[in-house]
Amino acid sequence: MYTRSLCWFRRDLRLHDHTALNHALEQSQEVIGVFVFDTIILASLPEHDRRVAFIWNSLQDLHQAFTEQQGALYVLHGNPEQEIPLLAQKINADAVFTHNDYEPSAINRDLNVGLELTAHGIPFHSFKDQVIFEHNEVLKQNGEPYSVFTPYKRAWLKQLSAEDYAERKSEELLHRLKTSLKNASLPSLKTLGFEAANTNTINLPIGVKGASSLLNNFIQRIDDYAERRDFPAMKGGSYLSVHLRFGTLSIREAVRVAQSRIAFGSLGAETWLSELIWRDFYAAILSHFPHVVSHAFKSEYDQLEFTNDVALFEAWKTGQTGYPLVDAAMRQINSSGFMHNRLRMVAASFLIKDLHIDWRWGEAYFAAQLNDYDLASNNGGWQWCASTGCDAQPYFRIFNPITQSKKFDPDGNFIRRYIPEIAHLPNKYIHSPWESAHPPANYPSPIIDHAKARLLTLQRYKIALNKTPNISTQ
């Protein structure tokens, strides 16, 4: 039994259903919390970064939760490789508890923290929490990792038991958060070098309370998820990805909700669970194949030729390509940090296979803009669209931006919301304004011919693979 332990919060900004905290409380007489605003990560972010504001606001909730238990949550600003060992020594902690992370840089960070703690006789305990199954827990019969989603999903579901998503209960032990140490105030965003972002204006409820509100709302709609999720003008998604990313919602709670509806035959819940399994799949891919961070999963695609026209890339980023659905998607992410999942695929496919720009450029742009940015999922999604990744979209399936627009935003409601320049156009022309007798003067004509771009894409992928493609379109 430890006298005093330190629980290091990272992607898990909550007290309930928290694996590391649960273990710390069970094994310690007293538990202190800590979160570190990592200066290495923050250095590359703009001063108005929405994610920093989301974390800071969510920490307000966590700080209040510690206060209510008469506990202490330290919020530090520095390099965690230095800050965590120093704090552990300063408060005379007997052990440090935290959760596993799967990004290469995070793995190295945790290794260094663990070595430094061990050098001072302080055990470092790390547990699985942000996924249901990690690394080597779902493997083929020959012990190799899966690289195709469908068989991975089958194995995942076959292996799943109630214990895997059971709540990690610690409420009866929360009294062990009580301490004589001072619960210091949070540093201001300005102190951290950031401006306050108004999360209300981007419709982003924050903290555990925000996650709970969104989850309760989604539960009322989950049965319709399969039918509505692909239509950006509809309220069809869960809008919980940012809360799963920062751990204001436990992945186990999400799976419990899905399972409770699947038991009643909900196709929507089955579809949502499949999306949650994709998170585990991409985390496992990153864990087993860290080269995907900067290279194609399939090495032959590192030879792909890209034009990388900076002007075309700028048009894509700013929503000025002349293809309404693509532009509306980009304007959505720029204004809110959110992009509908179907549109992520459409926008990514357009950048890579119409504009012939390296998928890594788009991946980096999404990484800078998305509120729910996660390295494993973002990389996996971009490589899927680029046809360079595991279980990727076949390279000869190329999204037609007009066809996608007519299919998933048939009345142009989403387009009109983000492109007021063409809002007055009838449905007949909302997907291709240039076909109108009087195209809007303040909206660009298409910057690329999709049909010609598609043929060039097929040629370049054929060269990279040195084989004849089986041509089809979507």
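Select helix α11, residues 251-262, in this predicted model. At 1.5 Å a residue, the twelve residues of α11 should span 16 Å, and the end C-alpha atoms do lie 16 Å apart, so the expected and computed spans agree. At the start of the helix, display Ser250: one of its side-chain oxygens comes within 3.0 Å of the backbone nitrogen of Arg252.

Next, colour the buried positions of α11, which are Ile251, Arg252, Ala254, Val255, Val257 and Ala258. An α-helix has 3.6 residues a turn, so residues three or four places apart point the same way. The buried residues of α11 pack against α1 (19-27), α8 (207-219), α10 (241-246) and α12.

Move on to α12, residues 267-288, and add α17, residues 375-386. The axes of these two helices come within 8 Å and cross at roughly 90 degrees; α12 and α17 are therefore roughly perpendicular to each other. To inspect the interface, select Arg279, Tyr282, Ala283 and Leu286 on α12, which meet Leu375, Ala376, Ser377, Gly380, Gly381 and Trp384 on α17.

Now show the largest nonpolar core, which has 87 residues; Trp156, Trp272, Trp316 and Phe366 touch the most other members. Helix α12 supplies the largest share of this core, ten residues. Centre the view on Trp316. Beyond its neighbours within four places in sequence, Trp316 contacts Thr321, Val326, Met330, Ala347, Phe350, Leu351, Leu355, Gly362, Tyr365, Phe366 and Trp382.

Finally, select Leu15, Ile55, Leu177 and Val242, which are among the 36 residues of a second, separate core.

Notes:
Residues numbered from 1 in each chain as written. Predicted model: local features only at pLDDT ≥ 70, side-chain atom pairs only at ≥ 80, totals over all residues. Heavy atoms only, no water. Core = buried A, V, L, I, M, F, W, Y, C linked by side-chain atoms within 4.5 Å. Buried < 20%, exposed > 50% of the residue type's maximum accessible area, 1.4 Å probe, protein only. Helix = DSSP H or I, 4+ residues; strand = E, 2+ residues; numbered from the N terminus. Contact = heavy atoms within 4.5 Å. Expected span 1.5 Å × (residues − 1). Polar contact = N/O pair within 3.5 Å; in protein donor to acceptor, adjacent residues only side chain to side chain. Axes fitted to C-alpha atoms, helices over the stretch in contact; angles between N-to-C directions. Parallel < 35°, antiparallel > 145°, perpendicular 65-115°, else oblique.
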